[in-house]
Amino acid sequence: MRQGWATATWLKGAWALLVAVVMGMSAAQATPVYRSVDAQGNVTFSDRPVGEKVDVGTVNTVPGQPRETRDLQALPDAATETEADDASSFTAYERLAIAAPGNETTLPTGAAGNTQVRVAITPELRETDKLRMIIDGEVNGPARHATTFSVTELVRGEHTLRAEVVDAEGRVRQRSAPVTLYVQRASVYLPANPNNPRNNGDSGSQ
């Protein structure tokens, strides 16, 4: 009884080992497997043509992704964004980033929500391309052949700024990483606010 139990346990282990070996083979490269039993009832699996051939079936495999596909999935945030048919007609800029204001900058109350945004781009912006600002996911003004933009009257709170490269046909070709900007903006009628009309000699309505 003990010998039969041991033999059964050995058979399970041998079969598990066989399955593991076969799973490591591709269907095209699989080697024939043969099963033999000796006088003591021990079962042996081998690639040598001894005993009966075992049909292990087709091994399920998952094909690897082509490198081009992996590279597209791992494109950085400032990567080209265009249709595949047009991608080859545009050469991405080496650098496209908002240089000022810096990330997580806070505009003081006195700025009244106004700031100058400077875009760093390398190499120099091509004649056929333009830049535009995206604030909180919305286009802020038309695209221009310039790298400095005036952003005005931002309300109090947190805002996200990005720069986009637009080609001659108006298609977005490249987008910068986002920059977060905080605005501390108080009422225009506070005495310390430089935009208070009273500070300009205008008493305003009473």
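In the predicted model, the largest nonpolar core comprises 21 residues, of which Ile98, Val119, Ile121, Leu131, Met133, Leu161 and Val165 touch the most other members. Two or more residues are contributed to this core by each of strands S4 (95-100), S6 (115-122), S7 (130-135), S9 (148-151), S10 (157-166) and S12 (179-183). Such an arrangement may be set against a general tendency: in soluble globular proteins, nonpolar side chains tend to be buried together.

The surroundings of Met133 were examined further, with neighbours within four places in sequence left aside. Under this condition, Met133 is in contact with Ile98, Val117, Val119, Phe149, Leu161 and Ala163, as well as with Glu138, Val139, Asn140 and Arg162.

Pairing was then considered for the strands that supply the core. Strands S4 and S6 are antiparallel and are connected by five bridges; within this pair, Arg95 lies opposite Thr122 of S6. Strand S6 also pairs with S9, again in the antiparallel sense, through four bridges. Here Val117 has Phe149 of S9 as its bridge partner, and both of these residues are among the contacts of Met133.

A separate description applies to the open sheet of three strands, in which the order is S2-S1-S3 and the pairing is antiparallel. Strands S2 (43-46) and S3 (52-54) occupy the edges and have a single partner strand each, so one side of each remains without a neighbour in the sheet. Direction ignored, neighbouring strands of this sheet are turned against each other by 35° on average. Strand S1 (residues 33-37) is joined to S3 by three bridges in the antiparallel sense, and Tyr34 has Lys53 of S3 as its bridge partner.

Terms used
Residues numbered from 1 in each chain as written. Predicted model: local features only at pLDDT ≥ 70, side-chain atom pairs only at ≥ 80, totals over all residues. Heavy atoms only, no water. Core = buried A, V, L, I, M, F, W, Y, C linked by side-chain atoms within 4.5 Å. Buried < 20%, exposed > 50% of the residue type's maximum accessible area, 1.4 Å probe, protein only. Contact = heavy atoms within 4.5 Å. Pairing = 2+ DSSP bridges. Axes fitted to C-alpha atoms, helices over the stretch in contact; angles between N-to-C directions.
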